[in-house]
Amino acid sequence: MNNMKQDYIFSIDVGGTAIKLAIMNAEGKLQKLWQIPTNRKEEGKYIIDEIYEEFKQAIHNLQINKDDFIGVGMGAPGPILPNGVMKRATNIGWENYPLKAKLEERFQLPAFVENDANCAALGEMWQGAGKGLKNLVCITLGTGVGGGVIVNGEIVSGTSGGGGEIGHITVQYKDGAPCNCGKKGCIETIASATGVVRLAMEKIKRSNEETALTRLYKKYGKITAKDVFDLAAGNDPVCVQIVEEVCFYLGHVLGTLSSTLNPDAFIIGGGVSDAGETLLMPLEKYYRQFAFPSTVDDTKIIRATLGNQAGVYGAAYLVKNKLS
């Protein structure tokens, strides 16, 4: 048993299929990291109770006192109002759900909640690629496109929790593909892994000749975003063209955000960022084309470093920032 009082934080990153849980100290040193399946039954009504049971078991095993915890932080997928109410998490079932109040009632500890992409941004600022920087834009290129904007060390959530929804900036004004948000032509329909696959499938359907892409599709019956970037890295002309299109639109978004925010850095994460220089080199080119010229050299484009742990670090930072 610990004799000295410690400042521990319990950190939660809720996803549609899994929930990551972490116990760390206020300096960001992990004591335990694990995950459980997301129980979406009955509009997610059991989630908080199941998380609490995991917490109780973990602190028992680690021989940590509950009194040593200064708070609970949570990132969740959807817009969260300033009062801690989750407006809507469609892939879980929460709607107008008093998330902060439920956590505080169950844990009897101060709780802080934020959108999951914003948490990932805070995590990268605190312990990741943005360490030491205070003005950041984090963009996660995964199944969708997530975003988080940090100004002077504080997340920009906006009036109703919709700040940083970079994935839903419209970039194709005519004939854009439908987005899950209900609009058309969002950057998410192009620069996400799903968007890259959509562009590739359009090329395959329109192609009258055999290409590396069509051969791959015939062999496996599907195409992944990784396939497209791998072929582009080998200078396949069709896939180079797809990557150029993705980076043109994403570079336009970065240029626009740069003129608005003039950040220290854009941090690019998510599975698509695993393409490395194959993505970042053309992205830098188009960013430079669209950014405000006198500030273009002051903003770096760098890859995220925390991977899928960024959310739990960011959720912990919510607590640290308010309480420690």
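## Working through the fold

E43 is found in helix 1 (residues 41–44); helices (H or I, at least four residues) and strands (E, at least two) are DSSP runs, numbered from the N terminus. This is a predicted model, where local features need pLDDT of at least 70 and side-chain atom pairs count only at pLDDT 80 or more, while totals for chains, interfaces and linings use all residues. Residues are numbered from 1 along each chain as its sequence is written, and side-chain values use heavy atoms, with hydrogens and water left out.

### Exercise 1: Positive phi

Find the phi of E43 and of Q63, then say whether E43 is buried or exposed.

Step 1. Start with E43: phi is positive, about 55°, although this residue isn't a glycine.

Step 2. Check its surroundings. E43 is exposed, at 54% relative accessible area (buried means under 20%, exposed over 50%, partly exposed in between, with a 1.4 Å probe and protein chains only).

Step 3. Now Q63, another non-glycine, with a positive phi near 55°. Q63 sits in the loop between helix 2 (47–62) and strand 4 (69–76) and counts as partly exposed at 47% relative accessibility.

### Exercise 2: Strand 1 and its partners

Work out which residues of strand 1 lie on each face and how strand 1 runs relative to strand 2 and strand 4.

Step 1. Count the burial: 7 of the 7 residues in strand 1 (residues 8–14) are buried.

Step 2. Sort them by face. In a regular strand, side chains alternate between the two faces of the sheet. Here Y8, F10, I12 and V14 take one side, I9, S11 and D13 take the other, and all are buried.

Step 3. Look at the pairing (two strands pair if DSSP finds at least two bridges between them). Strand 1 runs antiparallel to strand 2 (residues 18–25), joined by 7 bridges, with Y8 bridging to N25. The two form a hairpin with 3 residues in between.

Step 4. Strand 4 runs parallel to strand 1, with 6 bridges; I12 has M74 as its bridge partner there.

### Exercise 3: A sheet and its helices

Give the strand order of the open sheet of 5 strands, and name the helices that pack on it.

Step 1. The order is 10-9-8-11-12, with mixed pairing. Strand 10 (154–155) and strand 12 (300–303) are the edges, each pairing on one side only.

Step 2. Take one pair: strand 8 (residues 136–141) and strand 9 (residues 145–151) run antiparallel with 6 bridges, and C138 is partnered by G148.

Step 3. Add the helices. Helix 9 (residues 237–261) lies across strand 8, strand 9, strand 11 (265–269) and strand 12, at about 160° to strand 8. Helix 10 (residues 277–290) packs on the sheet too, touching strand 8, strand 11 and strand 12, and makes about 160° with strand 12. Axes are lines fitted to C-alpha atoms, for helices over the stretch in contact, with angles from 0 to 180 degrees between N-to-C directions; contact means heavy atoms within 4.5 Å.

### Exercise 4: The largest core

Identify the residues that touch the most other members of the largest nonpolar core, and the element that gives the most to this core.

Step 1. A nonpolar core is a set of buried Ala, Val, Leu, Ile, Met, Phe, Trp, Tyr and Cys residues joined through side-chain atoms within 4.5 Å. The largest has 43 residues, and L141, L213, V228, I242 and I268 touch the most other members.

Step 2. Helix 9 gives the most, with 11 residues.

Step 3. Apart from this core lies another, of 33 residues, among them Y8, F10, L21 and I51.

### Exercise 5: Helix 7 and T214

List the buried residues of helix 7, then find what the side chain of T214 reaches.

Step 1. In helix 7 (residues 212–220), the buried residues are A212, L213 and T214. They pack against helix 6, helix 8 and helix 9.

Step 2. T214 is buried, at 8% relative accessibility. Its side chain reaches the backbone nitrogen of T211 at 2.6 Å, a polar contact (a pair of N or O atoms within 3.5 Å; within protein, one must be able to donate a hydrogen and the other to accept it, and residues adjacent in sequence count only if both atoms are side-chain atoms).

Step 3. Leaving aside neighbours within four places in sequence, T214 is in contact with I204, S207 and E209. After helix 7 comes G221, with a positive phi near 75°.

### Exercise 6: Disulfides

Say how many disulfides a search of the whole structure finds, and why C119 has no bond to C138.

Step 1. The search finds 0 disulfides (pairs of cysteine sulfur atoms within 2.5 Å).

Step 2. C119 has no such bond because its closest cysteine sulfur, in C138, is 12 Å away, too far. C119 counts as buried at 0% relative accessibility.
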